[in-house]
Amino acid sequence: MTRSPRLSVFATVLLTGILTLFGTTASTAATPYAFAVIGDVPYGSAQISAFPSYISKINADTGVRLVSHLGDISSPLNCSSSYYANVRSRFDLFADPLVYTPGDNEWADCWRATTGAGAPLSKLATLRSVFFPAPGTSLGATRIPVTAQSGYPENVTFAAGSLTFAAFHAVGSSNDLVPWYGASSPSAAQTAEVTSRIDAAARLITDAFTRARAAGSRAVVLITQADMFIPSQGSAYKSGFQKIVQTIASQSLSFAKPVFLINGDTHSYRSDKPLTLSSWRSYYGITSSVSNLSRITIMGGTSEWTRFTVVSTSSVLQWQRIPS
């Protein structure tokens, strides 16, 4: 039977309207949402020079719609304002939205920097002014709106690809509880900064799960620099991360859907479920096994990047290490 041209046009318009209503189109509906994660880059002059080429390879992946940088942008440490600006200009080369969370090399360790040494709190203020001048928006050439936390513009939540994302500021060096200037213990100013930032991270994580429940998100993705599961650490390490890990554990159990914690920091790839282990639960004071929490530590550097893809199965995310 010959189909009426008017009916064909009507059907096309109706289908387009339905797809638009649900926030997609026929072409994007067939393309899984993917995002790239990098960190510990660029380190040194050679990586600074190679960074644009590294970025272009990620840009060439047309499936990637977001990039996350997990902090640490220099080694040997360079805490000068000009260096911050140099790296920021390279961040703008990313074609996709870029969400960046700082590492300890950017500010907490700046008292021992090779170049641009200075007081950590002063360096943190400068870092925020360079990388987060307009709270509520991502970096990158194509920017997206994010919900920034008051007083902590680097702490953000946003939704994409049926997921709820949260980037929170937690860093290596025991979340900045390694005493500045080689002192025997942290100063009052250092302790106050750490305590306030830990509380802010816990609030942000809780808020992210609240948003995920309200939105019906398939999973929550938590992004931070610090590796909070390094064996054989001292009391400062535990103090730096215990409240954050306990918050992640309780919120994950309540959420009862997949939760992914993605971190950098330790320069060694790892994928595990740390809070199913009695050793880590005992260490952080967590009673129940948290089997829906997966932790992925990326390798970092310019030799590879990690690609995460949203899949239709119950696992929600798959990831692969991409040689650069």
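This passage describes the confidence, the nonpolar cores, two buried polar residues, the salt bridges and the disulfide of a predicted model.

The mean pLDDT of the protein is 92, and 91% of the residues reach a score of at least 70. Confidence varies among the elements, from helix 1 (residues 5-21), which has the lowest mean pLDDT at 38, to strand 8 (residues 259-263), which has the highest at 99. Over residues 1-29 the pLDDT stays under 50, and for this stretch the model has six contacts beyond four places in sequence. Where pLDDT is low, predicted coordinates should not be read in detail.

The largest nonpolar core comprises 33 residues, and within it Phe-91, Phe-94 and Phe-131 have the most contacts. At least two residues of this core come from each of strand 1 (34-38), helix 3 (44-59), strand 2 (64-69), helix 4 (81-91), strand 3 (98-100) and helix 5 (120-131). Of the contributors, helix 3 gives the most, with five residues. A second core, separate from this one, has 32 residues, among them Val-220, Leu-222, Phe-229 and Trp-280. As a general background to such groupings, nonpolar side chains in soluble globular proteins tend to be buried together.

The surroundings of Phe-94 illustrate the packing in the largest core: when residues up to four places away in sequence are not counted, Phe-94 touches Ile-38, Phe-51, Ile-55, Ile-58, Asn-59, Val-67, Gly-140, Ala-141 and Thr-142. Asp-96, which is found in the loop between helix 4 and strand 3, has contacts with Asn-59, Val-64, Arg-65, Leu-66, Val-67, Leu-139, Gly-140, Ala-141 and Thr-142, again leaving aside neighbours within four places in sequence. Asp-96 is buried yet has no salt bridge, and the nearest side chain of opposite charge, that of Arg-65, is 7.6 Å away. That distance exceeds the 4 Å within which a nitrogen and a carboxyl oxygen are counted as a salt bridge.

A second polar residue, Ser-68, is found in strand 2 and counts as buried because its relative accessibility is 1%, which lies under the cut-off of 20%. Beyond neighbours within four places in sequence, Ser-68 is in contact with Ala-36, Val-37, Ile-38, Leu-98, Val-99 and Ile-223. One of these partners, Ile-38, lies 30 residues from Ser-68 along the chain, and the C-alpha atoms of the two residues are separated by 6.2 Å.

Side chains of opposite charge can pair when their charged atoms come close, and the count of salt bridges in the model comes to 12. Glu-193 and Arg-197 form one of them, with an N to O distance of 2.7 Å. Because these two residues are four residues apart in helix 7 (residues 188-215), Glu-193 and Arg-197 are separated by about one helical turn, and both are buried. A salt bridge with an N to O distance of 2.7 Å also joins the side chains of Lys-243 and Asp-199. This pair links distant parts of the chain, since Lys-243 belongs to helix 8 (residues 235-255) and Asp-199 to helix 7, with their positions 44 residues apart. Lys-243 is partly exposed, with a relative accessible area of 39%, and Asp-199 is likewise partly exposed, with a relative accessible area of 27%.

The side chains of Arg-270 and Asp-272 meet in a further salt bridge, with an N to O distance of 2.8 Å. Within this pair, Arg-270 counts as partly exposed at 48% relative accessibility, whereas Asp-272 counts as buried at 18%. Salt bridges that share partners join Asp-227, Arg-270, Asp-272 and Arg-295 into one network.

The structure holds one disulfide, in which Cys-79 is joined to Cys-110 with an S to S distance of 2.0 Å. The angle about the S-S bond is -85°, and the link of Cys-79 and Cys-110 is left-handed. The two cysteines belong to distant parts of the chain, 31 residues apart, with Cys-79 in the loop between strand 2 and helix 4 and Cys-110 in the loop between strand 3 and helix 5. Both Cys-79 and Cys-110 are buried.

Methods: Residues are numbered from 1 along each chain as its sequence is written. This is a predicted model: local features need pLDDT of at least 70, side-chain atom pairs count only at pLDDT 80 or more; totals for chains, interfaces and linings use all residues. Side-chain values use heavy atoms; hydrogens and water are left out. pLDDT is the predictor's confidence in each residue, from 0 to 100. Contact means heavy atoms within 4.5 Å. A nonpolar core is a set of buried Ala, Val, Leu, Ile, Met, Phe, Trp, Tyr and Cys residues joined through side-chain atoms within 4.5 Å. Buried means under 20% relative accessible area, exposed over 50%, partly exposed in between (1.4 Å probe, protein chains only). Lys and Arg count as positive and Asp and Glu as negative; His and the chain ends are not counted. A disulfide is a pair of cysteine sulfur atoms within 2.5 Å.
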